[in-house]
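Me: I am new to this structure and would love a close look at a single part of it, the sheet. Could you walk me through that part in one connected answer?

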Amino acid sequence: MNRLMALTVAGVMFFSLAIVSVQQWGAGASSTMAERILVSQGCAQPCWHGIQPGKTTFQQGLDLLEKDTKNIGHLGNGQQDHIAGPEKNLCWLVLVNPNWHGCASNDEFADGPIQRIDLLPSPTLPMRLGEALTIFGTPVASTVCLTPGAEYAALYFPNDISVITLIDEAAHPALDPNTAVYVVRFDYPSTEPPYRFDTPPWRGFIQWHGQPVC
């Protein structure tokens, strides 16, 4: 009887500790650095820090970023940053430890609203692909691209948000929740989604099969 009681108590303690552990993990997961940086307050998606692709001008974006001296620094043209292209752009650092990089750009090489915001997590403390689903919900589509020199996987979420990771093993491409995120992208809303019409729907974290869609 004593042994049965001891086993019962031990079992209760085990499951109690398990529940506490899950609750603590959930609390930590709900307030990750990535979530604090990416979740917009009072701003309909696609949007980041009050900047809405397709609406906000570069000057308005600059004004919004300059006001936040606590969290934003090193504002300027982003030619030195490897997430900025030759098009018109504005880049900055998100002042967390370690820093994230950000760039807003316009593909048309002309005046007009910002078309895209790219946020690059630090590889030192990477954001994981699984976190993206916690923050943005279930993707609507996903793809793998295996073009030499541009091997990547992309998850496309509602509201013109996409998350891109780099593929290390092109021979065995996979969508894995532990893969580090390379860039989080907010695209301007359009009548067409920010991916090809033949991009496969989201099928979960899987080993990739079929033709890559770049």
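**A close look at the sheet**

Reply: Let's begin where strand 4 (residues 116–120) meets strand 8 (residues 183–187): four bridges join these strands, which run antiparallel. Strands here are DSSP runs of E with at least two residues, helices are runs of H or I with at least four, and both are numbered from the N terminus. Two strands count as paired if DSSP finds at least two bridges between them. Across this pairing, Arg 116 stands opposite Asp 187 in strand 8.

A word on the source: this is a predicted model, where local features need pLDDT of at least 70, side-chain atom pairs count only at pLDDT 80 or more, and totals for chains, interfaces and linings use all residues. Residues are numbered from 1 along each chain as its sequence is written, and side-chain values use heavy atoms, leaving out hydrogens and water.

Now step back to the whole sheet. It is open, with eight strands in the order 1-2-3-4-8-7-6-5 and antiparallel pairing. Strand 1 (72–76) and strand 5 (141–147) are the edge strands, each pairing on one side only.

There is also a disulfide (cysteine sulfur atoms within 2.5 Å) to visit: Cys 91 and Cys 103 form one, with their sulfur atoms 1.7 Å apart. Because Cys 91 lies in strand 2 (residues 88–94) and Cys 103 in strand 3 (residues 100–106), the pair ties together parts that are 12 residues apart in sequence. Both Cys 91 and Cys 103 are buried, meaning under 20% relative accessible area, with exposed over 50% and partly exposed in between (1.4 Å probe, protein chains only).
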